[in-house]
Amino acid sequence: MKLSEVKKLLNADVIFGEEMIDQIEVETAFASDLLSDVLAYSKENALFLTGLTNPQVIRTVEVLDLVGVVFVRGKVPQMETVELAKRKGIPLLRTKCIMFESCGRLYGAGVKASRIMVD
């Protein structure tokens, strides 16, 4: 599904990247508030859902080549985070849904987990 469909599904606001959301395809997602888990378990091209708002989120997305970030629980990213995302061309969305609900809606719409189990 397109990132624009994720926006509708999660009733999300686009913080940055409105012009990109119709072109970005979302097939998998990874959700966590631990960046170490994202680094250890997420795979490239996944959409990242988190409640973290600091610039390290963008650095992690960049390192893993993820397609964008959805801030859950109505979290507002720090200005430094938004500015870094703009420089890197990483779209940012924000939803008032909690992480569990966000993941459930995406899964129900066909978005798969970036990784199902760990070893």
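These are my notebook entries on two loop residues and one helix, looked up in a predicted model.

**Leu 10.** I began with Leu 10, which I found in the loop between α1 (3–9) and β1 (13–16). I then asked whether this residue is buried or exposed. Its relative accessible area is 0%, so I noted Leu 10 as buried, the cut-off being under 20%. Not counting residues up to four places away in sequence, I listed what Leu 10 touches as Val 70, Thr 95, Cys 97, Ser 102, Arg 105 and Leu 106. I also checked Leu 92, which is 82 residues apart from Leu 10 along the chain, and read a separation of 13 Å between their C-alpha atoms.

**Thr 95.** Since Thr 95 is among the residues that Leu 10 touches, I turned to it next and placed it in the loop between β5 and α5 (99–108). Thr 95 is buried too, with a relative accessible area of 1%. Leaving aside neighbours within four places in sequence, I found Thr 95 in contact with residues including Leu 10, Asn 11, Ala 12, Val 70 and Ser 102, and its contacts also include Phe 71, Val 72, Arg 73 and Gly 74.

**Helix α3.** In α3, which covers residues 56–64, I recorded Val 57, Ile 58, Thr 60, Val 61 and Leu 64 as buried. Looking down the axis of α3, I saw that these buried residues fall within an arc of 160°, so they line one face of the helix. I then looked up what covers them, and noted that this includes α2 (35–41), β3 (46–50), β4 (68–71), α4 (79–88) and β5 (92–94). Last, I noted that Asp 65 follows α3 and has a positive phi, near 60°.

Conventions: Residues are numbered from 1 along each chain as its sequence is written. This is a predicted model: local features need pLDDT of at least 70, side-chain atom pairs count only at pLDDT 80 or more; totals for chains, interfaces and linings use all residues. Side-chain values use heavy atoms; hydrogens and water are left out. Helices (H or I, at least four residues) and strands (E, at least two) are DSSP runs, numbered from the N terminus. Buried means under 20% relative accessible area, exposed over 50%, partly exposed in between (1.4 Å probe, protein chains only). Contact means heavy atoms within 4.5 Å. The arc is that of the directions from the helix axis to the C-beta atoms.
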